[in-house]
Amino acid sequence: MFKNYFKTAWRNIIRSKGYSFLNISGLAIGMAVALLIGLWAHYQYSYDKFLPNYQQAYRVQRNFNSNGDTLTFPTTSLKLADALKREIPEIEYVAESDWTAMHGLVVGDKKFYMRGAITGTDFLRIFQFPLAAGSVNTVFKDAYSIVLTKATAKTLFGSDDPVGKMVRFDNKNDLKVTGVLENIPNNSSFQFDYLVPFSYAEQTNEYIKANRNGSYGNNGYQLFVKLKPGVSYSQIASKIRNIEHTETDNVNAMFSYVILQPMKNWHMFGNYVNGKELDGFIVYVRMFSMIGALVLMIACINFINLTTARSEKRAKEVGVRKAIGSQRKDLIVQFLAESFLLTLIAFLFSILLVQLALPAFNNLTKDKISIPFSNIFFWIIMFVSLVITALLAGSRPAFYLSSFNPVKVLKGTMKVGKIATWPRKILVVIQFACSVALIISTIIIYQQIQHAKNRPAGFDLNRVMTTNMNEDLSRNYIAIKNELIQSGITENVTTSSSPATDVYWHTDIDKWPGKNAGETVEMGAMYVTADYFKTLGIKMQEGRPFEGLSDTLSVIFNETAIKRLRIKQPLNQTITTYNQQHLKIVGIAKDALMVSPFSPADPTMFFLTQYPQDIMMYKLSPRISTQDAINKLTKIFNKYNPAYPYNYQFADANYAAKFNFEVLVGKLAGIFASLAIFISCLGLFGLSAYIAEQKTKEIGIRKVLGASVSQVWLLLSKDFILLVIISCVIASPVALYFLQQWLMKYDYRISIGPAVFIIAALMALVITLVTISFQAIKAALSNPVKSLRSE
């Protein structure tokens, strides 16, 4: 019986090749979009879940009460690590870490700057990345050791076994390779090329060594913990919350509250509001999942509309089947079988489309997504999705067609009235409302990105280059600076503890003029050397920039910091930092968008130091081309830093990278909106062709009576135009609501005006007219003699 159902279904598909092609094409594209987004969403949810016992791993964070606002920071102190080990028995492991700098690795004549981390001994016990060589119990036993990933080991040692061999680290010490990790998956929150034990940093860096015995206020490190089996965060939350409050004379400690964030939430929930985990990347996963569902729904609507619109073509078939004894349930199964066969064919094509699209999609998103052909659960999910899609697409046609009265059908008295077309029109409205909403969303996302890009950044990063410092560069900094300027390659040179496009360190101000009792303020802090403001083109609102080493007891705030402190007439006023250092305010710098171009400038203060900091920044002279400058810079840096290759970045490129994610969202929204419109147009094309065929005699009579081509075109187009206008009216307020919610996450955002809705409506109308005009004009230009003679 089922074989007969599918044989009949296949014959019907072959008999109506044009409509079958439209149905299969629309469904295939819709299913491909849904599958692609589904794979992407699953990939995002899979972050870090490949690690054993990831449920017990947490990041230590602190909520800081700053003047009534709760700010959440991922950096903590080494003293806190010791306190957690000592005072919280429910914690199994604690690992401190420092991820802020790239380091130089040298083996023979191979020299590289690579990203890595200095981590505590228990890091690999908390995060059980598989070791290809070595043991987790011994790899960090010696302070002068290093663990490489497989890719790094191959880069440095080729096919040789690296274990036991030496790597020159920062041209300072030789470290023995004690372990090799399997390559880190792309869906890991940690991305590194090597790990060095924290004990090495404590033995070779006096500053880090001092921080181990310092206060809770030295917050420059990331801590990770693993809870013992069976222990939940809720069981220890109250114990760790006030653990820093033993330092009663430390403002930072007394106003900090320690919290843990579970590893399973790191990737999806990075946005904290008033100290509470709110959302983050999960917003975009949900948004694109909704888009995938909408595109698939649009494809299903195509199927429903094209099948029910051609009901009169199938009416006699239904009448004959019922007359010879077929039950309605048999007909329903027959039509559902046809729907399933069409959906199955569409699904096979969708798999092919996704496989072809994945390389470009991965290149766009920087992910490594693939179809898990060997995963049985994937095929189970696909089968269930296939059945659901077939039922969604085929249920209305099946129940509608099987309901025909056989007597009326065979007598030829059954007519499909206007009431029967209402469901089809409603579905067309829903279909285009979704498409128009996606068009509106794409326009708004583009406008928001351009709005932020056109915002005054507060500094001039054009032709500003940056280089990570090491010991050799720091020792020769003055000589390098003088040679760069005297050679005419650069205009200005400086160093800073943070790059131009970020703020690495935050600290407290203990006292300032006008401070209220119990008031606390924490803000960004930067140590800079001479010519910092000149190099980055940051203007002074009041006062002056640093002028010399006499200013090492001076401080410069930006405008936002002064507003936060509420200091009137700030110049020459004195403030006291958390370490009781008294500094005089000599200048107020204009705000620069160092952290986010979508948010207000962070309150920041600047300290002058005579010692070179972690990042060198230099502005190229306008009299030299960029390529010539790089060639000359390479020679100079290699002269003073022969152990490592010259590394550089362009500061304006780093600033532009802050828009990468929003640009990606805009591109994906545009692509999916275009596909949604294309699928909708396939349906409109099929419907317009069918209606033109249905009205062949009417068009012929009208032409004989003198109707023009434009009149016939209007006859066939007006209903579709009206439906699209209704779709625009429905889509606009719905899109407005959701887009306003999305824009609320940005402090610096556009206001949505009526122009965007008008533009989207006009685009939808133009696309609709182009789609249906082919069939309308074709029908209008046909010979009326032929159409009347065929009746």
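At 25% relative accessibility, S474 counts as partly exposed, and this serine is a good place to start our tour of a predicted model. S474 sits in helix 16, which covers residues 471-475. Leaving out residues up to four places away in sequence, S474 touches M469 and P612. Another residue to find from here is T495: S474 and T495 are 21 residues apart in sequence, and their C-alpha atoms are 9.7 Å apart in space.

**The whole chain**

Now step back and look at the protein chain as a whole. Its secondary structure comes to 26 helices and 26 strands. The chain has 791 residues, and buried residues make up 51% of them. Take the contacts between residues at least 6 apart in sequence: 80% of these join residues at least 24 apart.

**The nonpolar cores**

In soluble globular proteins, nonpolar side chains tend to be buried together. Which residues have the most contacts inside the largest nonpolar core here? They are I440, Y532, I538, M594 and F606, in a core of 120 residues. Helix 2 (residues 17-45) gives the most to this core, with 16 residues. Apart from this core lies another, of 22 residues, including L105, V107, I118 and V167.

Y532 deserves a second look. Not counting residues up to four places away in sequence, Y532 touches T494, T495, S496, M526, I538, M594, F606 and M617. T495, the residue we paired with S474 above, is thus one of the contacts of Y532.

**Two helices side by side**

Two packed helices are described by the angle between their axes and the distance between the axes. A pair to try this on is helix 17 (residues 477-486) and helix 20 (residues 626-640), whose axes come within 11 Å and cross at roughly 160°. Angles over 145 degrees count as roughly antiparallel, so helix 17 is roughly antiparallel to helix 20. The crossing of helix 17 past helix 20 is right-handed.

Which residues make the contact between helix 17 and helix 20? Helix 17 brings A479, I480, E483 and L484, while helix 20 brings L633, I636, F637, K639 and Y640. Sorted by character, the residues of this contact are seven nonpolar, no polar and two charged.

**Four residues compared**

The table places four residues from this tour, each with its relative accessibility.

| Residue | Place | Relative accessibility | Class |
|---|---|---|---|
| T178 | strand 10 (residues 173-181) | 18% | buried |
| S474 | helix 16 (residues 471-475) | 25% | partly exposed |
| N171 | loop between strand 9 (166-169) and strand 10 | 29% | partly exposed |
| K366 | loop between helix 12 (328-365) and helix 13 (376-401) | 62% | exposed |

Is T178 buried or exposed? T178 counts as buried because its relative accessibility is 18%, and the cut-off for buried is under 20%. The neighbors that T178 touches are A133, G134, V139, S145, I146 and V147, not counting residues up to four places away in sequence.

The two loop residues in the table have a backbone detail worth looking up. N171 has a positive phi of about 50° although it is not a glycine. K366 is not a glycine either, and its phi is positive at about 65°.

Key
Residues numbered from 1 in each chain as written. Predicted model: local features only at pLDDT ≥ 70, side-chain atom pairs only at ≥ 80, totals over all residues. Heavy atoms only, no water. Axes fitted to C-alpha atoms, helices over the stretch in contact; angles between N-to-C directions. Helix = DSSP H or I, 4+ residues; strand = E, 2+ residues; numbered from the N terminus. Parallel < 35°, antiparallel > 145°, perpendicular 65-115°, else oblique. Left-handed = near helix turned anticlockwise from the far one by under 90°. Contact = heavy atoms within 4.5 Å. Nonpolar A, V, L, I, M, F, W, Y, C, P; charged D, E, K, R; others polar. Buried < 20%, exposed > 50% of the residue type's maximum accessible area, 1.4 Å probe, protein only. Core = buried A, V, L, I, M, F, W, Y, C linked by side-chain atoms within 4.5 Å.
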